[in-house]
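Trainee: Got a minute to go through this one with me? I'd like to start with the core.
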Amino acid sequence: AKRDSSGRFIKGSGSGGGGGGGGSKSNPSKELEAFFKKVKKALPFVFESSIFEAAEVAAISLDKSTRLILNRNSTGSLANSWNPVLNGPLSAGAYSDLPYAAIHETGGVIKPNRAKALAVPLTKGARNAGSPRNMGNLSFFPSFGGRSPLLVKIGKGVAVPQYALMKSVTIPARNYISFAMTSSADEINEIIGRGVIDLFAGKSSVFGVS
C-alpha cells in the first residue's frame, strides 16, 4: 500500500482493493440482488417443469395401482387412461376421462341412465366388446330362480351367458387412487424439492432462458 508524505495510507492503493491494479471492487449487495432477480424470473419455469414431472410419476403410479387393485382380467382401459395434465404454472395432476374412474375409488351404486337395465359382462369376450350392441347375435334369457335376466350367445347348441341384466350394481370402495398417492408421495416431494434446490444452487438450466 502507498503512503503520502505524512505517512498516511493512500485510499484505494492497497493491493487487496484492486485500485492500483486497475481492477474493480465487488459489490455483494448488487450481486445478491442480481441473483435473486434471476431466481424470480426462473422460478415459474422450474415449478412448471417439476410439477409436470411429478404428474407423470402420479400417472404411472395410478396405472400400476389400477392393474394391481382392480380387476386384473379387465381390458386395461382404465389403467391406460391416466395421463399427466398441466393445469397452469403451479398446478398439474393425473386424470382419466373415463366416467367410472372415480366410483371405483369411493364406491357407490350405479343405476341405468337411459336403458332399462345395466348389462354386466360375465365373460372376457363381453368385457372386450364393452356393450352388448358391439357383440351381436345375443339372445335374451329371462330370469329364473331369483337370478337376473341374461343375454346369451348360442353356438353349437350351447348357450353361454355373456351379460347379466341388472337394475343396479353396487361398486365397493377400492381406494386405488389413495394407494397410488401414498405410493408416489415421497418421489413427488423429492422431484419438487430437487427442482427448487437446483435453482438456488445455480444448476438449473432455466437460468439460460432470456
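Trainee: Which residues make up the largest nonpolar core?

Mentor: This is a predicted model, and its largest nonpolar core has 11 residues: Ala-58, Ala-59, Leu-62, Ile-69, Leu-70, Leu-78, Trp-82, Ala-94, Ala-101, Tyr-176 and Ala-180. A nonpolar core here is a set of buried Ala, Val, Leu, Ile, Met, Phe, Trp, Tyr and Cys residues joined through side-chain atoms within 4.5 Å. Buried means under 20% relative accessible area, exposed is over 50%, and partly exposed is in between (1.4 Å probe, protein chains only).

Trainee: And which elements give two or more residues to this core?

Mentor: Those are α1 (28–69) and α6 (176–200). The most comes from α1, with 4 residues. Helices (H or I, at least four residues) and strands (E, at least two) are DSSP runs, numbered from the N terminus.

Trainee: What does Ile-69 touch?

Mentor: Leaving out residues up to four places away in sequence, Ile-69 touches Arg-174, Tyr-176 and Phe-179. Contact means heavy atoms within 4.5 Å. Apart from the largest core lies another, of 5 residues, including Ala-126, Leu-151, Tyr-163 and Leu-165.

Trainee: OK, switching to the sheet. What's the strand order?

Mentor: It's an open sheet of 4 strands, β4-β7-β6-β5, with antiparallel pairing. Two strands pair if DSSP finds at least two bridges between them.

Trainee: Which strands stand at the edges?

Mentor: β4 (118–121) and β5 (138–141) do; each has a single partner strand, so one side of each is left without a neighbour in the sheet. From one strand to the next, the twist averages 40°. For that, axes are lines fitted to C-alpha atoms (for helices, over the stretch in contact), and angles run from 0 to 180 degrees between N-to-C directions.

Trainee: How many bridges join β5 to β6?

Mentor: 4 bridges, with β5 and β6 (residues 150–155) running antiparallel. Phe-141, for one, has Leu-150 in β6 as its bridge partner.

Trainee: Now the charges. How many salt bridges are there in the whole structure?

Mentor: The search finds 3. The criterion is a side-chain nitrogen of Lys or Arg within 4 Å of a carboxyl oxygen of Asp or Glu.

Trainee: Which distant parts of the chain does the Glu-53 and Arg-194 pair link?

Mentor: Glu-53 is in helix α1 and Arg-194 in helix α6, 141 residues apart. Their closest N and O atoms are 3.4 Å apart. Glu-53 is partly exposed at 33% relative accessible area, and Arg-194 counts as partly exposed at 35%.

Trainee: What else does Arg-194 bridge to?

Mentor: Glu-190, with the closest N and O atoms 3.8 Å apart. Both lie in helix α6, 4 residues apart, about one turn of the helix. Shared partners join Glu-53, Glu-190 and Arg-194 into one network. Elsewhere, Arg-67 and Asp-63 meet in a salt bridge at 2.6 Å, N to O.

Trainee: Last topic: where is confidence lowest and where is it highest?

Mentor: By element, α1 is lowest at a mean of 78, and helix α3 (residues 103–106) is highest at 94. The chain averages a pLDDT of 80, with 70% of the residues scoring at least 70. pLDDT is the predictor's confidence in each residue, from 0 to 100. Over residues 17–21 the pLDDT is below 50, and this stretch has 5 contacts in the model beyond near neighbours in sequence.

Trainee: Any ground rules behind these values?

Mentor: Local features need pLDDT of at least 70 and side-chain atom pairs count only at pLDDT 80 or more, while totals for chains, interfaces and linings use all residues. Residues are numbered from 1 along each chain as its sequence is written, and side-chain values use heavy atoms, with hydrogens and water left out.
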